[in-house]
Each structure stands twice: as C-alpha cells, then as structure tokens.
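Dear colleague,

I am passing the structure below on to you, together with some notes on what was found in it. Please have it open while you read, as the notes go from place to place.

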Amino acid sequence: MLQKPESEALPILQAEGEKDGGRDGETQALTASQKEVPSPLLQETPKEDLGARREEGAAESALTPKGVRTLAAKALARRRAYRRLDRTVAELVQFLLVKDKKKSPITRSEMVKYVIGDLKDLFPEIIARAAEHLRYVFGFELKQFGRKHHTYILINKLKPLEEEEEEEEEDLGGDGPRLGLLIMILGLIYMKGNSARETQVWEMLRRLGVRPSKYHFLFGYPKRLVMEDFVQQRYLNYRQVPHTNPPECEFSWGPRSNLEISKMKVLGFVAKLHKKEPQHWPVQYREALADEADRARAKARAEASMRARARARASASERAGIGPW
Amino acid sequence: MGAPSPRSPRPEGAAAPAFLLWPPAVGAAPGYRALSHPQGGTRRAGVMTDVHRRFLQLLMTHGVLEEWDVRRLQKHCYRVHDRTGAVEELEDFINNINSVLESLYIEIKKGATEDDGRPVYALVNLATTSVSKMASDFAENELDLFRKALELIIDSDTGFASSTNILNLVDQLKGKKMRKKEAEQVLQKFVQNKWLIEKEGEFTLHSRAILEMEQYIRETYPDAVKICNICHSLLIQGQSCETCGIRMHLPCVAKYFQPSLEPRCPHCNDYWPHEIPEVFDPEKEREAGPSKVSKRSLRSRQH
C-alpha cells in the first residue's frame with residue numbers, strides 16, 4: 001500500500017527529470033511494429049520509425065550519398081535509443097534502491113509511473129537488466145511476490161554477519177564511539193545534579209585522553225562534536241550560567257537525550273564503569289526510579305489513546321466497506 | 001521472477017555480466033557495435049566482489065562518510081569477506097568500484113568539508129537529477145522548503161541563510177500547508193539527515209548536499225552560483241577578494257597560500273585581506289574550524 005508522502009514526493013523526481021533536459025534527444029520506442037508519438041524531449045533527431053525504415057534502408061543500399069546519410073542518421077538514432085534505455089535501467093536501479101531503504105515493496109505500476117514511462121513495453125527487458133545490476137553491483141536479489149507477481153522486494157544476498165562483525169558494523173560511520181562519548185557526558189551531567197560546568201566536562205574528557213582541539217581518530221574534533229554537533233542535534237543544552245564572573249557555561253541534557261535514553265540507563269552505565277550497583281548513589285537512584293515511573297505512565301497513556309484511535313478507525317472503515325488491499 | 005533470466009551462468013562475483021560487454025539485442029542490426037556507448041566494451045570495467053558490494057551497501061546506508069570512516073569501512077569489508085586478502089589502496093579500490101558504477105550513472109565522489117577541508121565521500125548521481133535522493137524521505141512541502149532554503153543559501157554572500165528568512169517563505173510552499181513551528185522541525189530533520197548544517201541560527205549546505213547536488217545546482221542556478229577560483233567546483237562558503245571579487249574555498253585558500261609569506265589574489269594580485277586557514281592535517285592539533293574568522297571577514301565585505 002503506497003503511503004501518501006512517497007507518492008507526493010516522487011512526482012518531483014519525474015517532473016524535474018522532464019524539465020531539465022538532461023537526457024539528450026530521444027527517439028521513439030524501440031519496438032519495430034509501433035509508430036509512437038514523439039516524446040516531448042525529442043530534439044532534432046529524424047522522426048523515423050526504426051522498424052519500418054529498416055527494410056527501406058536495406059533496399060536503398062548504403063552507397064549513394066543519400067543512403068549514407070540515412071544510415072548514419074539511423075545509427076545515431078539507435079545509439080540515442082540505447083542510451084535512453086541505459087538511462088532508464090540506471091534510474092530504475094536507483095529507484096529500487098531508494099524505495100527498498102524504506103522497506104516498502106515496489107509495484108510494477110509504480111515503476112512504470114515514475115521511471116519507465118513510455119518505454120513500458122520494454123518492461124521485461126528493463127527490469128531484467130536492473131535486476132542483474134542489483135545482483136552484480138550491490139549484492140541484492142530482486143524478488144517478485146504477490147498474487148499477480150507484480151510486486152517486488154530486494155533481498156540482501158551478502159552473507160549474514162557474525163555477532164562481532166555486526167557490532168563492528170554498527171560502530172562504523174562514527175556513531176557508536178560518538179554516542180559513547182555522549183553517554184559519558186550525559187552520565188557526568190546526571191551525577192552532578194543534572195548540570196555540569198563546561199570545565200568539568202573537558203576535565204573528564206582530558207582524563208580519557210580526549211583533548212578539545214586535537215583531531216581524534218574516533219571523534220574527529222571533539223570540541224566541534226560536543227559544542228556544535230551534540231548541541232545542534234539537541235542531545236545537549238549549553239548555556240551561560242547567570243551571575244558568574246568570569247562567565248561560565250554549563251551543559252544539561254537536551255530534549256533528544258530525554259527521548260532516546262533514560263536516567264536509569266545512564267545511571268546503570270555509570271555504575272558499571274565504577275564496578276558498583278546503581279543503588280550505591282541513593283539520591284540519583286531515587287531520581288531515576290521516579291523518572292522510570294513517569295515514563296511508564298506516559299507510555300501507558302500513549303498506548304491507550306492509540307488503541308482508542310485504532311478502534312475508531314476500524315469501525316469507520318468497516319462502515320465504509322474498505323478492506324485491506 | 002517472471003522476467004527472463006540472465007544470459008549466461010557465471011561464477012559468483014567473478015566476471016562482469018554479459019550485457020556490460022554486448023550491445024543490447026533489441027532493435028540491433030546485425031554487426032552493429034556502439035562505440036560511443038558507455039557499455040560498448042571499449043572500457044574494461046573492474047571486477048566486483050562481496051568486499052566491494054558490502055562497502056557499497058554500507059556507504060549507501062550512511063549517505064556521506066569522512067575519509068577515516070571510509071578506511072575503517074573498507075577494512076571491515078575485507079575482514080568479513082576476504083580475511084587473507086591484501087587491503088587495496090583506497091583510491092584504487094574506489095576507482096575500481098567507480099568503473100563498474102559508470103554504467104549506472106553513479107559514482108563514489110570525493111569532496112571536502114568547506115570549512116576545514118576534511119575529506120568526505122558520498123555516492124552521487126552523475127546524471128542531472130534534482131533533490132531526488134531526498135525525495136524518498138521527505139514530503140512534497142518539505143522538499144520545497146529545502147529548495148527555498150537552497151535558493152537563499154546560493155543567493156547569499158556568506159553562503160548562509162538565516163532561519164528567519166527561510167521560515168518567512170513558508171507560505172509559498174507547494175503541497176500541504178506548513179506552519180512555521182513545523183518548518184523549524186523540518187529544518188532540524190535536514191540537519192540530522194546531513195543535508196544542511198546549522199550554525200548560530202543560520203543554515204548552509206552540508207558537504208553531502210554539495211557533493212550530491214553540485215551538478216543540479218550549477219544547471220538550475222547558473223547566474224547565482226559561485227565557483228572557486230582554484231578548484232573550479234561549486235562554492236557555498238569561502239573567502240573572496242575585495243578588489244576583483246573572485247572566491248576561493250577555505251581549504252583551497254589554505255593550500256594555495258601555504259608556501260607564500262605575502263598572500264596575494266591569484267587574479268588581480270591585490271593583497272589578500274583575510275586570515276589564511278591551516279591545511280587540514282589529521283595529525284596536527286589545532287582549533288576545530290576557522291569558519292568563525294572567515295565569516296566575519298566575509299560579512300564585513302557586505303557593506
């Protein structure tokens with residue numbers, strides 16, 4: 001089932017593709033028997049029907065100047081047609097990769113609508129080549145399923161990873177180590193009563209061998225990471241402490257940290273670091289328990305309202321007679 | 001699968017598929033060879049193995065990666081699929097993959113962050129497309145917001161567009177009506193997905209957007225677009241000569257003026273009035289990013 005946002009977004013892909021004229025002059029479709037209306041992108045190519053002309057051309061024989069020109073024009077038209085076919089295959093490959101990222105199956109009609117267009121009679125050839133590219137270049141297999149076999153998904157054919165390899169892969173892209181650094185900072189902030197002075201944060205990091213302006217092989221420039229990235233991504237709040245002279249700044253948890261992790265989890269992490277139990281810090285432990293209770297309540301409320309909405313939707317669609325697609 | 005199966009059986013991951021070397025069968029006259037055809041067999045494409053495939057899959061997942069991450073990624077792929085093999089030099093490794101990607105009109109492109117020249121890599125379209133890669137993650141009105149922000153950024157002198165100016169355009173967006181509050185969150189989504197960078201309430205393009213959209217930008221905004229005098233690539237942030245107006249990326253300035261004691265404009269030879277940033281060196285300790293300094297210099301030029 002197509003979700004609304006996707007169908008809104010993709011026409012832009014198509015519309016812009018037609019506007020930008022990035023494809024060079026196209027000829028008509030390649031099937032011999034058809035006389036196609038020239039596409040709007042057609043430029044100065046000879047408006048010929050390749051199939052019908054082939055017999056004519058052969059009869060005309062290549063050796064007159066006119067014959068040579070005709071053959072050259074036909075060769076040019078053929079090359080352009082092949083280029084267009086290649087482009088369409090390439091676009092279909094990209095389209096399938098992008099759609100697969102969203103984990104939604106792709107239908108044949110979507111492919112025709114957004115990528116293939118008036119080459120739709122060549123669909124079997126196009127999809128076969130696209131499938132081969134996906135297999136050879138990316139290691140994906142294009143699989144058909146569904147009642148009429150007009151729905152497709154991509155399956156990863158690369159061998160599955162061992163557990164340690166999987167962990168390694170999660171670390172890549174810098175997120176793992178960076179988030180580890182973030183948790184250290186969140187822990188410090190929490191243990192210091194929900195805010196920590198900037199100097200305290202850098203002191204802790206220095207003890208870990210991380211200096212603000214020295215390029216670190218895992219974190220890049222730590223100062224940029226902490227002061228800019230984490231703050232921009234709303235993991236940390238950074239503000240000036242009022243009435244301090246010289247002015248000092250402090251960090252606190254940002255809204256995104258509250259969403260993605262909990263006080264209890266961070267306390268657990270700090271506890272493990274010190275090889276102790278979370279209860280070793282009674283004040284923080286009590287606060288974390290209260291936080292857990294709050295979260296449980298909020299979650300229960302959210303689930304209850306979701307169930308109510310689902311019931312309302314179900315009875316509405318029942319009345320309207322809409323079934324699953 | 002209902003579609004015809006591949007032409008010939010081949011060992012897993014070894015030779016290139018048949019159609020990369022043959023011209024397509026449809027409509028082919030006997031004896032026809034496409035010489036100017038990108039797939040026409042005049043260029044021998046590299047060979048893909050599972051090492052390369054996993055590398056591509058992971059690079060696609062991340063969108064854009066810094067060079068040190070890319071090296072770790074490459075080593076990881078060798079460890080998983082080819083433990084005993086020697087890890088190929090990164091540049092050759094990538095060129096090998098790119099030769100195969102050519103027939104798909106995509107490539108792994110190397111660029112650099114505009115503020116301090118850190119090398120980055122992304123998988124980009126070679127054919128001109130618009131914001132198509134974003135199209136799957138964002139709704140129509142969100143894409144239009146991005147386009148509006150993009151236009152403001154390109155038109156600006158500093159390469160930054162203020163949040164206020166972008167949000168003021170919210171009424172002009174195509175698609176579903178968007179409130180300013182919502183638009184603020186959409187802008188944050190762009191930052192998180194590495195399409196925009198935010199600095200002090202202003203937005204500029206992430207190196208990912210520059211890599212992926214350079215061609216589109218140059219073709220869509222040919223009059224407003226700025227080009228670096230040294231590397232001739234798209235320029236969003238940079239320094240400019242106050243006399244003749246030519247512009248240069250900060251890392252290009254760093255490299256160009258590195259040996260000279262008295263920096264002079266390469267075009268008009270006038271004294272270069274800005275602070276020269278340092279060349280990016282992962283080993284050296286220095287302040288993270290000279291962007292604040294140069295932004296001030298650029299701003300002072302505005303009036």
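**Aromatic rings and their surroundings**

F230(A) has a relative accessibility of 2% and, because buried means under 20%, counts as buried. Please keep in mind throughout that this is a predicted model. Y235(A) also counts as buried, with a relative accessibility of 6%. These two residues, F230(A) and Y235(A), form an aromatic pair that is edge-to-face, with 6.2 Å from centre to centre and 85° between the planes. A pair of aromatic rings is described by exactly these two quantities, the distance of the centres and the angle of the planes. Over all chains, the structure holds 10 aromatic pairs.

Another of these pairs is in chain B, where Y256(B) and F257(B) are arranged edge-to-face, at 5.1 Å centre to centre and with 70° between the planes. Here Y256(B) is partly exposed, its relative accessible area being 38%, whereas F257(B) is buried, with a relative accessible area of 5%. Chain B also holds one aromatic cluster that is formed by F55(B), Y78(B) and F93(B).

Two arginines of chain A should be looked at together with the rings that they lie over. R87(A) lies over the face of Y105(B), a residue of the other chain named here, at 4.8 Å from the ring centre. In the case of R108(A), the charged end sits over the ring of F123(A), 4.2 Å from the centre of that ring.

**The sheet in chain B**

How are the strands of the open sheet in chain B ordered? The sheet has 3 strands in the order β1-β3-β2, and their pairing is antiparallel. Its edge strands are β1 (64–66) and β2 (106–112) of chain B, each of which pairs on one side only. From one strand to the next, the twist averages 25°.

Between β1(B) and β3(B), the latter covering residues 119–125, there are 3 bridges, and the two strands run antiparallel. Within this part of the sheet, L65(B) stands opposite Y121(B), which belongs to β3(B).

Helix α3 of chain B, residues 90–101, packs on the sheet and touches β2 and β3 of chain B, while its direction makes about 145° with that of β2(B). Helix α7 of chain B, residues 207–220, lies across β1, β2 and β3 of chain B, and runs at about 40° to β3(B).

With kind regards

How values were computed
Residues numbered from 1 in each chain as written. Chains lettered and ligands numbered in written order. Predicted model: local features only at pLDDT ≥ 70, side-chain atom pairs only at ≥ 80, totals over all residues. Heavy atoms only, no water. Pairing = 2+ DSSP bridges. Helix = DSSP H or I, 4+ residues; strand = E, 2+ residues; numbered from the N terminus. Axes fitted to C-alpha atoms, helices over the stretch in contact; angles between N-to-C directions. Contact = heavy atoms within 4.5 Å. Phe/Tyr/Trp six-rings, centres within 6.5 Å; stacked < 30°, edge-to-face > 60°. Buried < 20%, exposed > 50% of the residue type's maximum accessible area, 1.4 Å probe, protein only. Lys NZ or Arg CZ within 6 Å of the ring centre and 35° of its normal.
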